[in-house]
Structure formats: C-alpha cells, structure tokens
Amino acid sequence: MRRWHGLDEVPADWGRSVVTIGVFDGVHRGHQRIVGAAAEEARRRGLRSVAITFDPHPDEVVRPGTHPPLLSTARRRIELLEGLGTDAVVVVPFTLELSRVPPDEFVRSVLVERLHAAHVIVGEDFRFGHRAKGDVPLLQELGEKYDFTAEGVPLVANGGTISSTCIRERLDEGRVEDAAHALGRPHRVEGVVVRGHQRGRALGFPTANLETLPHTAIPADGVYAGWLVCDSDRYPASRWPSAISIGTNPTFEGPGERTVEAYALGRDDLDLYGEHVGVDFQARIRDTLKFDSIEALIEEMHRDVARAGELTSG
C-alpha cells in the first residue's frame, strides 16, 4: 500500500491504473462501494487502483467559512481507504489555484499524465474543474479523448442513498446509532488529551478531555456509550469501553466550555495526557442535564457507567 502526499510523489514509472476520486469524508458505505468497485476492477484488469482525496475540504478553499464539520481526519481517511483494498492513496492539497483549473486540464494533468488512468470510477454526482463545470458525462467524453473509460456509481447501500451531509445531520441530532449504520462503523472523534478542570477525577470518574481538531463533527450534547481508543508507544492498539460526555457541564457554576470527555470504565490508572486518542460512539444514553446537587450528579454518573457497560458488552 502506497501513500502519496501530492501528485509530485507519484513515481514517474507508475503504470496504468484504475482511479477513483472524491473528498470521501467519513469513507461511508457509499464511498466504500465506489472504492471497492475500483479495487475490484483493477484486479480484473491486472492493474493497480488509486484513490484520490483532497485536503483541506474544497468548500473551505472555494467558499471560506463554509467548511462542513468533518466526519474524519485526513489521517483517518487514508487508513480507511487503505482498508478497502486500494493499492495507493494520493492526498492532493486543495488550493485556490487547483479550484480554477478547467475540467479538461484537470483530467489531463491529474488522471492522464500522473496516474495513467485506464478506467475511472466516481460517484454519480461527482463534479470537478473550475466552478464544478465537469460532471460524469464530461468525464466520459474526455475519457474518449485521452484513452480511458469512466463510470458514475450511485452512493447507495442496502437500497438507500448515503451522503456525508445526512450523516452530519444525524450526529447533530445525537443519533449516533443511525450515523454508525451509514458509516459502517461507529463515528469517531479524535483529539489530544489535555488537562481540564479535573472534575471527573474528583467525582471518582477520571476522564480523558479531548482537544478536538477544528471543524470536527461532534455529536449533540449528551452522554453516550462507546470506546476510547489509543495506539501509542505507551498504549499500543488499546480500546476501552467508555462513558462519553459532550457538553458544558451545566451543574457547575460559571460559563461552561463545550468539551468531549471519555471515562474508560473501571480504569483509574491511565495516564493519557498528551496522547492522540479517538472516541468511538456506540449509542446515546441520555441528554445533558443540570442537577440540583453534586450528589445527584454522582448518582446519575454511576447509572451512566452501568448503562455504558451494558451497551458495549455485546
């Protein structure tokens, strides 16, 4: 499996390939169908497959301030694409200059000269080139000019259309189970563990407080069951059942800062400060509530932890 950051890293002797293109935010089940189809077609033809993705999100470059919440980091996206059997992933830096490249020039410089495309598979609503003037029929027309074939594939799974936008809406509503169904796995929020107010430790539930990346798609405020995951020198390939809290901690005085915190069930021995971790969301337990007393909050937290244990035990 090869990773290229920018088209300049593609070897000059790279042979003909089957290519798929997209932002692939979340690499949801619709994306999986497209990337899997490209990998299968490459095997059938005796070629290699390449998945092209972009970073940052094109919307932020073309229309600053409209960046959608991201379902996956660029690193996570690469890992997920690799897991679908593609032979190479190329992350193309999306710039204002690239957004102004005409469709014909994009096809010639990227698909033909760099990746020597024999066949291209994209989503049926794929757009490319300056002002998104290119579509699947134009891609097929340019394929005839440059000696490759192309097809648009519906973003569907189990008979239903899947979109990153719809998944973001489900997360905004706290419907993490529905989001997981569309993604084909639990939604993950990533970040570095930082020191917070350490209220959880004082209450008997030491939490990992995540400093999330900008534009992260964070589920609605509430308490969830899921997993805290870490793969570092100190905690290689670790995954702990967890109770996860998102919100501003309204029981405590003062303006609350929205946080994502995870308590690894039964673990008070973890030292995660400075570690890059992920939180996978399995199910929603309840809304964020303001309690009349710290004692009432602790009682509810015990119930949350018990429920999280039940939901992650299957």
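A salt bridge is taken here as a side-chain nitrogen of Lys or Arg lying within 4 Å of a carboxyl oxygen of Asp or Glu. By this criterion the structure, which is a predicted model, holds 26 salt bridges. One of them joins R45 to E41, with the closest N and O atoms 2.7 Å apart. The two residues are four places apart in helix 1, and they are therefore separated by about one helical turn. An α-helix has 3.6 residues a turn, so residues three or four places apart point the same way. The partners nevertheless fall into separate accessibility classes, since R45 is partly exposed with a relative accessible area of 34%, whereas E41, at 15% relative accessibility, counts as buried, the limit for that class being under 20%.

A salt bridge also forms between the side chains of E190 and R75, at 3.6 Å from N to O. This pair links distant parts of the chain, E190 belonging to strand 9 and R75 to helix 3, with their positions 115 residues apart in the numbering. Here the acidic partner, E190, is buried at a relative accessible area of 8%, while R75 is partly exposed at 45%. In the salt bridge between D178 and R175, the closest N and O atoms are 2.8 Å apart; D178 is partly exposed, with a relative accessible area of 31%, and R175 likewise counts as partly exposed, at 36% relative accessibility. In addition, R286, E300, R303 and D304 are joined into one network by salt bridges that share partners.

Helix 3, which spans residues 74-82, also contributes buried side chains, namely those of R76, R77, I78, L80 and L81. The buried residues of this helix pack against several elements, among them strand 1 (2-5), helix 1 and strand 3, and their packing partners further include strand 4 (88-93) and strand 9 (187-194).

Strand 2, formed by residues 17-21, is mostly covered, five of its five residues being buried. In a regular strand the side chains alternate between the two faces of the sheet. In strand 2 both faces are covered, with S17, V19 and I21 buried on one side and V18 and T20 buried on the other. Strand 2 is joined by five bridges to strand 3 (residues 48-55), and these two strands run parallel; within this pairing V18 stands opposite S49. Helix 1 (residues 29-45) completes a right-handed β-α-β unit with strands 2 and 3. Strand 2 is also joined to strand 5 (residues 117-123), in this case by four bridges and again in the parallel sense, and S17 stands opposite A117 of strand 5.

Strands of a sheet pair through backbone hydrogen bonds, either parallel or antiparallel. The antiparallel arrangement is found in a barrel into which six strands close, in the order 9-10-13-12-11-14. From one strand of the barrel to the next, the twist averages 45 degrees. Within the barrel, strand 10 (residues 208-212) pairs with strand 13 (residues 259-264) in the antiparallel sense over three bridges, and the bridge partner of N209 in strand 13 is E261. Strand 9 thus takes part in several of the features described: the barrel includes this strand, the buried residues of helix 3 pack against it, and strand 9 carries E190 of the pair formed with R75.

Note on methods
Residues numbered from 1 in each chain as written. Predicted model: local features only at pLDDT ≥ 70, side-chain atom pairs only at ≥ 80, totals over all residues. Heavy atoms only, no water. Buried < 20%, exposed > 50% of the residue type's maximum accessible area, 1.4 Å probe, protein only. Pairing = 2+ DSSP bridges. Right-handed = clockwise from strand over helix to strand, strands pointing away. Contact = heavy atoms within 4.5 Å. Axes fitted to C-alpha atoms, helices over the stretch in contact; angles between N-to-C directions.
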